[in-house]
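Welcome to this structure. Here are a few notes to read beside it, taken one topic at a time.

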Amino acid sequence: MIIKDINLINFGKFNHQSVSLKPGLNIVYGENEAGKTTLHTFIRAMLFGLEKQRGKTSSKDLYTKYEPWDNPSNYQGMMRIETNGVTYRIERNFNKERKVFQVINEDTGKILSEEEIEELFAGLDEKCYYNTISISQLGSGTDKELEGILKNYAANIGSTKSMEIDIKKAFADLDEQKKQINREAKITEEDIIRKSILNTKEQLEISDAEQQGIITEIEGKQKELAGVEEKEKELSALDAKRLEELAKQNERKESLYQDVISITAEVEKNSATLVKVREHKEELKEQLMNRGIDSPETMDRVYNQVMNSTNLPIAFVVLMMASVGIGVGLLFGNMQRLYNPSVWMKPIMCFVVAFCFLLLTIFKYVFNRKQKTEKLTLLKELRQIMERLEAAKHEEVYTERQVERKKENLESVQSMIHIEEQKEFGLEDYSEPLKELEGEKRKVLDEISKAQWVLEQKKERDIEMEKRIEELNQREQTIQEAKIEIQALEKAKEEIEEIATEIRNSFGKRLNEKASAYMAAITNGKYTSLSIDEHLNISVEGKNSLISSHRLSKGTVEQIYMALRLAATDIIFEEDKKPILLDDTFAMYDNKRMGNTLRYMSQNMEQVIVFSCHTREKLLADKLGLNYNFIRL
């Protein structure tokens with residue numbers, strides 16, 4: 001795998017910063033705070049992601065450290081790699097709210113699935129990355145500390161082909177597990193637990209015998225209760241007849257009481273109606289009396305008088321006829337002097353008087369006729385009042401009879417109620433004996449309930465003791481399992497030691513051979529062989545003898561560390577070559593050793609990326625005439 005180029009779209013201090021890398025040697029130079037560590041971190045983040053931590057550490061984690069100050073949602077980048085001649089583009093958005101990760105085959109334009117991504121990066125995880133292809137200096141520890149680091153690294157890679165297991169730590173963990181098992185299982189309490197189990201079982205047997213006695217007592221009480229209930233049943237059946245008769249009587253009395261209520265309401269209603277009828281009758285009488293009518297006879301007499309009266313004024317007619325007669329008489333008496341006008345004066349005056357009486361007669365006739373009509377109308381209204389008065393009298397009589405009849409019915413019903421209340425039944429009252437039986441029954445039930453409560457309490461205590469026995473048995477089983485587990489841990493230690501020895505005898509040989517080859521190359525033949533013995537002591541072979549690592553300089557120890565990591569990289573990844581990232585790795589190297597290492601890497605490795613804050617690497621590469629790609633930040 002070769003990293004072709006990277007694009008820090010928005011990462012740390014960089015915004016749209018592109019860096020192109022080439023096969024072979026690449027030297028990335030920058031002064032302090034120029035961004036070398038950011039670039040190195042970006043490569044790792046593009047391969048494995050960048051997660052935000054939680055809790056107190058979240059403010060100091062890498063995610064927060066490199067999160068852009070401006071536009072943090074655009075926290076992303078891109079990196080192109082080449083594997084087996086195929087170019088892939090890795091795209092990531094690191095923002096915790098908008099995470100995006102995808103790998104695209106640029107030759108086909110296809111987005112890789114998760115399975116295809118795993119296959120592409122097979123064998124390369126973050127742990128492996130930090131312990132193989134990403135190499136930094138060991139640090140400024142003492143010689144003894146550096147020797148310990150080398151031993152542990154060699155033991156792990158030589159025994160397990162992995163960075164995941166620390167053999168010494170594994171043994172320490174197994175011993176700690178044994179101590180933990182002893183503490184948790186409390187193996188020393190095994191005898192105490194067994195005695196507790198026996199004592200609890202004896203208590204259960206005693207409790208069982210006591211419960212059997214209580215059960216026998218309860219059964220006796222239940223038989224006694226059955227006898228009381230049977231007797232109660234017999235008396236209840238006898239008393240039921242009396243209660244049935246009483247119920248029927250109560251139903252009849254209730255019906256009669258309802259009748260009393262109903263009849264009383266009707267009496268009150270009719271009485272109220274009678275009062276209203278009488279009041280109405282008196283009002284009608286008063287209206288007639290005010291018009292002088294005190295009886296039907298008076299009404300008939302007045303009516304006949306009006307009907308028999310004439311409308312013609314007789315006096316006026318007589319006077320008119322008399323005036324006419326006088327005038328005619330005067331004319332006939334003076335027939336011989338009719339030619340004399342003075343003779344006509346008196347007859348004309350009589351005729352004029354007769355005409356006046358005619359007019360008066362007509363006027364008086366019309367007036368009398370109108371008065372008669374008005375009197376007849378008034379008499380008609382009075383006759384209607386008279387008729388209503390007669391109707392009121394009849395209604396008064398009817399209502400009085402209704403009231404009397406309802407009162408008679410009421411008295412009859414009240415008499416029937418009295419008869420019902422006086423009735424007596426010949427059936428015996430068993431209510432008192434039944435009360436006594438009920439008290440006796442309640443007493444027996446209380447005794448049964450108390451006995452059952454005591455029984456339940458004992459059963460609950462038994463359940464607790466059974467749980468106690470079960471817990472003790474579980475603890476005893478836990479102790480037995482703990483013993484077996486301790487034996488298994490001892491066996492595991494033996495097997496780990498055997499497996500580690502076996503792997504060292506086979507895989508360890510390959511590690512020694514490859515590490516020796518790298519050691520010879522980067523020391524230019526000064527140390528031709530690197531050896532790791534059965535006690536994990538690391539030595540190099542000089543011209544005349546083996547030299548232990550604790551006798552070597554820090555620079556040489558650094559070279560051994562690099563040789564082991566390069567050898568481990570070859571063994572772990574086999575033919576799938578990976579880029580080697582060196583982060584200030586040559587700080588403890590002298591120029592000669594660094595030159596040998598740079599020459600070997602540039603000529604024999606697919607891609608090497610050197611991060612440095614010094615120009616030593618560039619100057620030395622120029623001096624040695626090495627081909628390299630220089631990147632200044």
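**Notes for a new reader**

1. Let's begin inside. The largest nonpolar core has 71 residues, and those with the most contacts within it are I6, F11, I43, M79, I81 and L582. Helix α12, residues 554-573, supplies the largest share of this core, with nine residues. Apart from it lies another core, of 10 residues, which includes L288, L379, I385 and M386. As general background, nonpolar side chains in soluble globular proteins tend to be buried together. Please keep in mind that what you see is a predicted model.

2. F11 is a good residue to click on, being one of those with the most contacts inside the largest core. Which residues is F11 in contact with, leaving aside its neighbours within four places in sequence? They are T38, T41, F42, A45, L50, Y66, P68, Y75, Q76 and F94.

3. Now step back to the chain as a whole. Its secondary structure comes to 14 helices and 14 strands. Of its 633 residues, 38% count as buried. Taking contacts between residues at least 6 apart in sequence, 74% join residues at least 24 apart. The accessible surface of the chain is about 38,000 Å², and carbon and sulfur atoms account for 52% of that surface.

4. On the outside, have a look at a nonpolar surface patch of about 790 Å². The residues that make it are L312, I314, V318, F355, L358, L359, I362, Y365 and V366. Two elements give two or more residues to this patch: α9 (314-333) and α10 (341-422). Of the elements, α10 gives the most, with six residues.

5. Y365 deserves a separate word. This patch residue has its place in helix α10. Is Y365 buried, exposed or partly exposed? Y365 counts as partly exposed because its relative accessibility is 33%, and the partly exposed class lies between 20% and 50%.

6. Finally, the cysteines. How many disulfides does a search of the whole structure find? The count is zero. A disulfide, for reference, is a covalent bond between the sulfur atoms of two cysteines. Two cysteines can be placed by their exposure. C350 has a relative accessible area of 15%, so C350 is buried, the limit for that class being under 20%. C356, at 40% relative accessibility, therefore counts as partly exposed.

Methods
Residues numbered from 1 in each chain as written. Predicted model: local features only at pLDDT ≥ 70, side-chain atom pairs only at ≥ 80, totals over all residues. Heavy atoms only, no water. Patch = residues over 30% accessible without salt bridge, like charges linked within 9 Å, V, L, I, M, F, W, Y side chains within 5 Å. Areas by Shrake-Rupley, 256 points an atom, 1.4 Å probe, with all protein chains shown as cover. Salt bridge = Lys/Arg side-chain N within 4 Å of Asp/Glu carboxyl O. Helix = DSSP H or I, 4+ residues; strand = E, 2+ residues; numbered from the N terminus. Buried < 20%, exposed > 50% of the residue type's maximum accessible area, 1.4 Å probe, protein only. Disulfide = S-S within 2.5 Å. Core = buried A, V, L, I, M, F, W, Y, C linked by side-chain atoms within 4.5 Å. Contact = heavy atoms within 4.5 Å.
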